[in-house]
Amino acid sequence: MNSQELIEKITQKKEFSQLPKKDVELAFEKFDKERFLDEEKIKLTRDLLRKVFSAFASTKILSLKDKSYEWILRKHLSTRERLPYYEEIYRRILKGLDKRVSVIDLGSGINGFSYNFFERVGYDADYLGVEAIGQLVELSNHYFKKEKLSGKTVHLSLFELEKTRDLIKKTKTPRIVFLFKTIDSLEMLERDYSKKLLSEIVHLSDRVVVSFATRSMIKREKFKVKRNWIIDFIRDNFNISDDFMVGGERYIVFCKRDE
């Protein structure tokens with residue numbers, strides 16, 4: 001089979017059927033080598049995609065549309081550990097912004113279900129999620145519509161940089177961009193892409209927040225990886241206004257430098 005046929009074969013499996021083609025192609029390129037048989041290319045690509053899109057570890061939530069937002073947030077490994085701290089996190093990272101704010105959540109997963117926490121800390125948010133997993137996009141949009149919230153999630157690969165940039169430009173100011181536990185996944189598919197993405201979006205935003213897991217979600221062990229490469233990049237190119245850890249997650253808040 002040629003490359004395109006193999007990529008189509010990869011996405012025939014239901015869990016990968018609604019991923020952007022761009023992401024699948026980037027994963028496939030890493031194994032499109034002569035030393036691998038076709039079946040090995042398929043298996044290795046799927047394994048990598050599962051690591052990149054860790055939401056597949058919580059497939060039970062993909063078709064559930066009648067549960068409360070807290071129930072959904074508890075069922076996803078990433079948001080479960082953030083759930084007790086949402087008010088603290090949002091109060092801290094939104095501090096100083098206008099009470100009416102655009103939140104652009106890149107690699108949003110199911111974080112849109114935390115919308116009520118914006119209201120709890122006194123903010124009227126226009127929420128825009130950008131997510132590669134189509135099933136999570138559908139789940140989130142169903143929730144926004146059912147609850148009549150000012151939010152929507154768009155099905156898009158973050159590797160489609162121009163389209164991502166255009167989406168941000170269309171939102172109202174002030175803008176705050178979230179990249180919660182997203183950097184590591186981007187780097188699995190394209191090294192240093194995070195630097196490229198940040199360079200393009202920071203100047204469009206009033207504030208950007210990047211977060212990293214400080215311990216594994218399952219074993220709860222602290223990571224040895226310090227991620228100095230991206231932290232140094234942020235420090236060298238932007239103004240950091242806050243850097244804190246809560247609930248097994250480190251948050252770095254920054255903005256463009258004054259010219």
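This report describes helix α1 and a set of salt bridges in a predicted model.

**Helix α1**

Helix α1 spans residues 3-10, and its buried residues include Leu6, Ile7 and Ile10. These residues lie on the same side of α1, because the arc they cover around the axis is only 100 degrees. Among the elements that cover the buried residues of α1 are α2 (21-29) and α3 (38-52). At the start of the helix, Asn2 places a side-chain oxygen within 3.2 Å of the backbone nitrogen of Gln4.

**Salt bridges**

The structure contains 21 salt bridges. Three of them are listed below with the distance between N and O.

| Acidic residue | Basic residue | N to O distance |
|---|---|---|
| Asp32 | Lys41 | 3.1 Å |
| Glu249 | Lys181 | 3.9 Å |
| Asp232 | Arg235 | 3.1 Å |

In the pair formed by Asp32 and Lys41, the two partners fall into separate accessibility classes. Asp32 has a relative accessibility of 32% and therefore counts as partly exposed. Lys41 has a relative accessible area of 10%, so this residue is buried; the cut-off for buried is under 20%.

The salt bridge between Glu249 and Lys181 has its closest N and O atoms 3.9 Å apart. Glu249 belongs to strand β7 (residues 249-255), whereas Lys181 sits in the loop between β4 (175-180) and α10 (183-189), so the pair ties together parts that are 68 residues apart in sequence. Both Glu249 and Lys181 are buried.

The pair Asp232 and Arg235 lies within one element, helix α12 (residues 228-237). The two residues are 3 apart in sequence, about one turn of the helix, and their side chains meet at 3.1 Å, N to O. Asp232 is partly exposed, with a relative accessibility of 35%. Arg235 is also partly exposed, and its relative accessible area is 41%. Both values fall between the limits of 20% and 50% that bound this class.

Salt bridges also link residues into a group: Glu15, Lys43, Asp47 and Arg50 form one network through bridges that share partners.

**Summary**

In α1, Leu6, Ile7 and Ile10 are buried and lie on the same side of the helix, with α2 and α3 among what covers the buried residues. Of the salt bridges described, the one between Glu249 and Lys181 ties a strand to a loop, while the one between Asp232 and Arg235 has both residues in α12.

Conventions:
Residues numbered from 1 in each chain as written. Predicted model: local features only at pLDDT ≥ 70, side-chain atom pairs only at ≥ 80, totals over all residues. Heavy atoms only, no water. Buried < 20%, exposed > 50% of the residue type's maximum accessible area, 1.4 Å probe, protein only. Helix = DSSP H or I, 4+ residues; strand = E, 2+ residues; numbered from the N terminus. Arc of directions from axis to C-beta. Contact = heavy atoms within 4.5 Å. Polar contact = N/O pair within 3.5 Å; in protein donor to acceptor, adjacent residues only side chain to side chain. Salt bridge = Lys/Arg side-chain N within 4 Å of Asp/Glu carboxyl O.
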